[in-house]
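Me: I should like a close look at one part of this structure, set within its surroundings. Please treat the matter in one connected account.

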Amino acid sequence: MAERRPLIARRLRPGHWVAVDVFAAFALAAGFSASAVLVPESARVPTYAAVPVIALACLPLAVRRRWPVTVCVLVLVAAVFAPFTGWEEPFVPLAVALHAVALLEARRTAVAAPPAPRSARSHGQRPRRRADSPG
């Protein structure tokens, strides 16, 4: 019986991951743009109105490993304006961008920072006592 080799025999280098991200971003943009132009969902909006918003939502995903927070903000802006252009599926690029932030950024950056006294306790530091507080 022949030995089975894995599909990817060695670890991918960072340049390979960038190529994968670029390909995925352009594939998402092309697929969503084709569906927006060929199958218009709304008669009130021109069929080409969603294409710039789709480009703003999908193309930044090509650099999501380098600048995940910036990419997430750009995709979020596009997702906010997407319903006004007739594109009703901005959640796919938004999920990819949020996944990159959750995976690549520190937890404090990925999650909204809590109020100051709670954050001091969460890092193992005791909050300072006020002069007028008992104990």
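How close do the axes of helix α2 (residues 50–58) and α3 come, and at roughly what angle do they cross?

Reply: The model is a predicted one. In it, the axes of α2, which spans residues 50–58, and α3 come within 8 Å and cross at roughly 160°. An angle over 145 degrees counts as roughly antiparallel, and α2 and α3 are therefore roughly antiparallel to each other. The crossing of this pair is left-handed.

The residues that form the contact can be listed from each side. Helix α2 contributes Ala-50, Val-53, Leu-56 and Ala-57, and these meet Leu-74, Val-75, Val-77, Ala-78, Phe-81, Ala-82 and Thr-85 of α3. By class, the contact of α2 with α3 comprises 10 nonpolar residues, one polar residue and no charged residue.

One member of this contact, Leu-74, belongs to helix α3. Leu-74 counts as partly exposed because its relative accessibility is 34%, a value that lies between the limits of 20% for buried and 50% for exposed. Apart from neighbours within four places in sequence, Leu-74 is in contact with Leu-56 and Pro-60. Leu-56 is among the α2 residues of the helix contact already described, whereas Pro-60 lies in the loop between α2 and α3.

Pro-60 therefore merits attention alongside the two helices: at 13% relative accessibility, Pro-60 counts as buried. Its contacts, neighbours within four places in sequence left aside, are with Ala-55, Val-71 and Leu-74. The C-alpha atoms of Pro-60 and Leu-74 are 7.4 Å apart, with their positions 14 residues apart in sequence. For Pro-60 and Val-73, which are 13 residues apart along the chain, the C-alpha separation is 10.0 Å.

The surroundings of the pair follow on either side. Towards the N terminus, the axes of α1 and α2 come within 9 Å and cross at roughly 160°. That angle makes α1 roughly antiparallel to α2. The crossing of α1 and α2 is right-handed, whereas that of α2 and α3 is left-handed. On the α1 side the contact involves Ala-25, Leu-28, Ala-29, Phe-32, Ser-33, Ala-36 and Val-37, and on the α2 side Ala-50, Val-51, Ile-54 and Cys-58. This contact of α1 with α2 has 10 nonpolar residues, one polar residue and none that is charged. Ala-50 appears in the contact of α2 with α1 and also in that of α2 with α3.

Helix α1, residues 14–38, also holds Asp-21. Asp-21 counts as buried because its relative accessibility is 5%. Not counting residues up to four places away in sequence, Asp-21 touches Leu-61, Ala-62, Arg-64 and Arg-65.

Towards the C terminus, α3 (residues 68–85) packs with α4 (residues 91–104): the two axes come within 9 Å and cross at roughly 155°. That makes α3 roughly antiparallel to α4, and the crossing of α3 and α4 is left-handed. From α3, the residues Pro-68, Val-69, Val-71, Cys-72, Val-75, Leu-76 and Ala-79 meet Pro-93, Leu-94, Ala-97, Leu-98, Ala-100, Val-101 and Leu-104 of α4. The contact of α3 with α4 divides into 14 nonpolar residues, no polar residue and no charged residue. Val-75 of α3 takes part in this contact with α4 as well as in the contact with α2. Val-71, another α3 residue of the contact with α4, is one of the residues that Pro-60 contacts.

Within α4, Val-101 may be singled out. At 9% relative accessibility, Val-101 counts as buried. The C-alpha atoms of Val-101 and Pro-68 are 5.2 Å apart, although 33 residues separate them in sequence.

The whole chain gives the wider setting. The protein chain contains six helices and zero strands, in the order α-α-α-α-α-α along the sequence. Of its 135 residues, 25% are buried. Among contacts with a separation of 6 or more, 63% join residues 24 or more positions apart. The accessible surface of the chain comes to about 10,300 Å², and carbon and sulfur atoms account for 64% of it.

How values were computed. Residues numbered from 1 in each chain as written. Predicted model: local features only at pLDDT ≥ 70, side-chain atom pairs only at ≥ 80, totals over all residues. Heavy atoms only, no water. Helix = DSSP H or I, 4+ residues; strand = E, 2+ residues; numbered from the N terminus. Buried < 20%, exposed > 50% of the residue type's maximum accessible area, 1.4 Å probe, protein only. Contact = heavy atoms within 4.5 Å. Areas by Shrake-Rupley, 256 points an atom, 1.4 Å probe, with all protein chains shown as cover. Axes fitted to C-alpha atoms, helices over the stretch in contact; angles between N-to-C directions. Parallel < 35°, antiparallel > 145°, perpendicular 65-115°, else oblique. Left-handed = near helix turned anticlockwise from the far one by under 90°. Nonpolar A, V, L, I, M, F, W, Y, C, P; charged D, E, K, R; others polar.
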